[in-house]
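Here's a quick briefing to read with the model open in your viewer. Grab a coffee and follow along residue by residue.

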Amino acid sequence: MTTTTQDALPPPASLSWTVWAGAATFYLAAFYVRSSAAVMTTELMRDFQISAGQLGAFSAMYFYAYIAMQIPTGVLVDTWGARTLLIGGALIGAAGMLLFGLTSSYAVASTARLIVGGSTAIGWVVTLKLATHWFPQAKFATLSGLSLFMGNIGALFAQVPLRMLVEQFGWRGVAIGSGGVVLAVGLAAWASVSNDPSGKGYASYAPLELRQRKHLTLRESFAGFRGLVANRNAWLIFLAQGGFVGAILSFTGLWGPPYLRQRFELSATAASAVCSVMIVCWATASPLFG
């Protein structure tokens, strides 16, 4: 007897959390590579023979690509599915990190940073998409907070622990190793992540219209942005996110550690520890507010 959607049971909690963890770990890796440049500024400026302004441009490449990919990511996750996007993002991101670790050219390194930014931009949207399908709607805010917690754990790893690794193995070795970690996350997602519980024989928590989004064409998906752009609350949220998150990421993700070293004569590890306090507070508050 075939189990229908109507009489299928919800997925077991262990399976739901496994699927979410696959995407959330990728989001953790995305935060990690985003913030990693902050603790290797001296080495990058020395090896590429660049100024502080060029270093800022190099770091910004990640954000340029990350921003540019947000709208396409939303469309692609509805058309290709979260699993395909997650695996593809991990493979491309790993290749970008490997290229960054091997090159001696500033232009190539900046291109690699651009590739990594674009490929890891899918992390947040994919994580929320899977949460919608694998968990009850009442848990969405909690899962959003937990996802931000995971991301900030990645940023935390990119402070004192990463600085210690850079001092031990050099920034190139760390960059190549980080690419291997991103690749491993992609392989884990390939083994554990499924777009919807229905693919495993369980009932989905997502509304029917969301489960059918994969049938939309790209033109139909982009057409929905007309209503989004006209939504006042969407713009308010957009500006609020830019105001809060932009300042924190620019400080902890690049300029905080070198500023603290120069202004207060702290060691590189101590400066990273100060920025870590900000990240710990952000990480702790996220699931609590959720």
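What follows goes from the whole chain down to single residues.

Keep in mind that this is a predicted model. The protein chain folds into 14 helices and zero strands. Its C-alpha trace spans about 70 × 40 × 35 Å along the principal axes, and 44% of the 290 residues count as buried.

**Overall fold**

- Reading from the N terminus, you get α-α-α-α-α-α-α-α-α-α-α-α-α-α for the protein chain.
- How does the radius of gyration sit against that of a compact globule? A compact globule of 290 residues would have a radius of gyration near 19 Å, and the protein chain has 20 Å, so the two agree.
- Contacts reach a good way along the sequence: of those in the protein chain with a separation of 6 or more, 84% are between residues 24 or more positions apart.

**Surface and charge**

- The protein chain exposes an accessible surface of about 14,600 Å². Carbon and sulfur atoms own 68% of that area.
- On the charge side, the protein chain carries 17 positive and 9 negative charges. The mean positions of the two sets are 3 Å apart.

**The nonpolar core**

- The largest nonpolar core holds 60 residues. Leu44, Leu86, Phe100, Val126, Leu130 and Leu162 have the most contacts inside this core.
- Which helix gives the largest share of this core? That would be α1 (residues 13-35), with 13 residues.
- Val126 is a handy one to click on: beyond its neighbours within four places in sequence, Val126 is in contact with Ala23, Val77, Ala82, Leu85 and Leu86. Leu86 is also among the residues with the most contacts inside the core.

**Helix α9, and the loop after it**

- Is Leu165, in helix α9, buried or exposed, or something in between? Leu165 has 40% relative accessibility, so the label is partly exposed, given that buried means under 20% and exposed over 50%.
- Setting aside residues within four places in sequence, Leu165 is in contact with Gly170 and Val174.
- Gly186 also lies in helix α9, but here the relative accessibility is 4%, so Gly186 counts as buried.
- Gly186 and Gly88 are 98 residues apart along the chain, and their C-alpha atoms are separated by 7.8 Å. Contacts of Gly186 outside its neighbours within four places in sequence are with Ile87 and Ala90.
- Ser194 sits in the loop between α9 (160-192) and α10 (208-211). Despite the loop address, Ser194 is buried, because its relative accessible area is 13% and the cut-off for buried is under 20%.
- What does Ser194 touch, leaving aside its neighbours within four places in sequence? Ser194 is in contact with Val19, Arg83, Leu130, Trp134 and Lys200. Leu130 is one of the residues with the most contacts inside the largest nonpolar core.

**A buried serine in α14**

- Ser272 belongs to helix α14. Its relative accessibility is 1%, so Ser272 counts as buried.
- Not counting residues up to four places away in sequence, Ser272 touches Val39, Gln159, Val160 and Arg163.

**Two positive phi angles**

- As background, most residues other than glycine have a negative phi. The next two residues are worth a look with that in mind.
- Gln49 isn't a glycine, yet has a positive phi of about 55 degrees. You'll find Gln49 in the loop between α2 (41-48) and α3 (52-68).
- With a relative accessible area of 71%, Gln49 is exposed.
- Glu265, again not a glycine, has a positive phi near 55 degrees. Its place is the loop between α13 (232-264) and α14 (268-289).
- Why does Glu265 count as exposed? Its relative accessible area is 72%, and exposed means over 50%, so Glu265 qualifies.
- Glu265 and Ala21 are 244 residues apart in sequence, with 40 Å between their C-alpha atoms in space.

Note on methods:
Residues numbered from 1 in each chain as written. Predicted model: local features only at pLDDT ≥ 70, side-chain atom pairs only at ≥ 80, totals over all residues. Heavy atoms only, no water. Helix = DSSP H or I, 4+ residues; strand = E, 2+ residues; numbered from the N terminus. Rg over C-alpha atoms; globule rule 2.2 N^0.38 Å. Buried < 20%, exposed > 50% of the residue type's maximum accessible area, 1.4 Å probe, protein only. Contact = heavy atoms within 4.5 Å. Areas by Shrake-Rupley, 256 points an atom, 1.4 Å probe, with all protein chains shown as cover. Lys, Arg positive; Asp, Glu negative; His and termini not counted. Charge placed at Lys NZ, Arg CZ, Asp CG, Glu CD. Core = buried A, V, L, I, M, F, W, Y, C linked by side-chain atoms within 4.5 Å.
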